[in-house]
Amino acid sequence: FGASYLIGISPTINLGVEINKVFLGKNGPSSASFIGSGKLASASVLEAILVLQRSFGRFFFLETGGGIFRPKFQTVSTDFIEASFSASKFGVFGGAGVFLPTSRYAGFILSGRVHNYFDQTNKQYFGVIGGFRFRIH
């Protein structure tokens, strides 16, 4: 889940900020490089990023950006001892999406992104974002 605020800097280019909390679940990236050996209980990433979108026509867009990614991994050992790791890292992303208007001022959005945040192992993940976009003015 998350929120974003974009402003139009030209008829086809939007610039803005976005904050997301991405849940990677129990099948997320391996935590072995962070917390010894344990079963991964959960994995999530908090993203605070700058976004640049370029529209192609009314329905399609490309987007890119960068910002702060804060991954958090929690593990549980066989004797039920919990451990966690979290650290802020810089990262970038790129992707594409579609906008399906429902009116002149609102519509549904669906996009896919490849994220890469820079740590010792250069973690990458693919995210799909869906939501509702509307104009305030």
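Glu18, Glu63 and Arg113 are linked in a network of salt bridges. The model in which this network appears is predicted, and the count of salt bridges comes to two. Both are set out in the table.

| Pair | N to O distance | Strands |
|---|---|---|
| Glu18 and Arg113 | 2.8 Å | β2 and β7 |
| Glu63 and Arg113 | 2.9 Å | β4 and β7 |

Glu18 lies in strand β2 (residues 13–23) and Arg113 in strand β7 (residues 106–117), so their salt bridge ties together parts that are 95 residues apart in sequence. The pair of Arg113 and Glu63 joins strand β7 to strand β4, and therefore ties together parts that are 50 residues apart in sequence. Glu18 and Arg113 are buried, and Glu63 is buried as well. Side chains of opposite charge can pair when their charged atoms come close.

Val51 connects this network with the nonpolar part of the model through its contacts. Beyond four places in sequence, Val51 touches Glu18, Glu63 and Arg113, and also Leu6, Asn14, Leu15, Gly16, Thr64 and Phe93. Val51 and Phe93 also belong to the largest nonpolar core, which has nine residues. The other members of that core are Ala43, Val45, Ile49, Phe69, Phe73, Tyr117 and Tyr125. Strands β3 (39–56) and β4 (60–76) each supply at least two residues of the core, and β3 gives the most, with four. In soluble globular proteins, nonpolar side chains tend to be buried together.

Leu6, one of the residues touched by Val51, is found in strand β1 (residues 2–10). Leu6 counts as partly exposed because its relative accessibility is 23%, and buried means under 20%. Leaving aside neighbours within four places in sequence, Leu6 is in contact with Asn14, Leu15, Gly16, Val51, Gln53 and Arg133. The C-alpha atoms of Leu6 and Leu50 are separated by 9.6 Å, with their positions 44 residues apart along the chain.

Ser44 is found in strand β3. Ser44 has a relative accessible area of 9% and is therefore buried. The side chain of Ser44 makes a polar contact of 3.4 Å with the side chain of Lys21. Beyond four places in sequence, the contacts of Ser44 comprise Lys21, Val22, Phe23 and Leu24, together with Arg70, Pro71 and Lys72.

Leu100 has its place in strand β6. Not counting residues up to four places away in sequence, Leu100 touches Gly107 and Phe108. Leu100 and Phe59 are 41 residues apart along the chain, and their C-alpha atoms are separated by 6.3 Å.

Confidence varies along the chain. The mean pLDDT of the protein chain is 82, and 86% of its residues reach 70 or more. Among the elements of the chain, strand β6 (residues 89–101) has the highest mean pLDDT, 93, and strand β5 (residues 82–86) the lowest, 75. Over residues 28–36, pLDDT stays under 50. The model has 22 contacts beyond four places in sequence for residues 28–36. Where pLDDT is low, the predicted coordinates should not be read in detail.

Note on methods:
Residues numbered from 1 in each chain as written. Predicted model: local features only at pLDDT ≥ 70, side-chain atom pairs only at ≥ 80, totals over all residues. Heavy atoms only, no water. Core = buried A, V, L, I, M, F, W, Y, C linked by side-chain atoms within 4.5 Å. Buried < 20%, exposed > 50% of the residue type's maximum accessible area, 1.4 Å probe, protein only. Contact = heavy atoms within 4.5 Å. Polar contact = N/O pair within 3.5 Å; in protein donor to acceptor, adjacent residues only side chain to side chain. pLDDT = per-residue confidence, 0-100. Salt bridge = Lys/Arg side-chain N within 4 Å of Asp/Glu carboxyl O.
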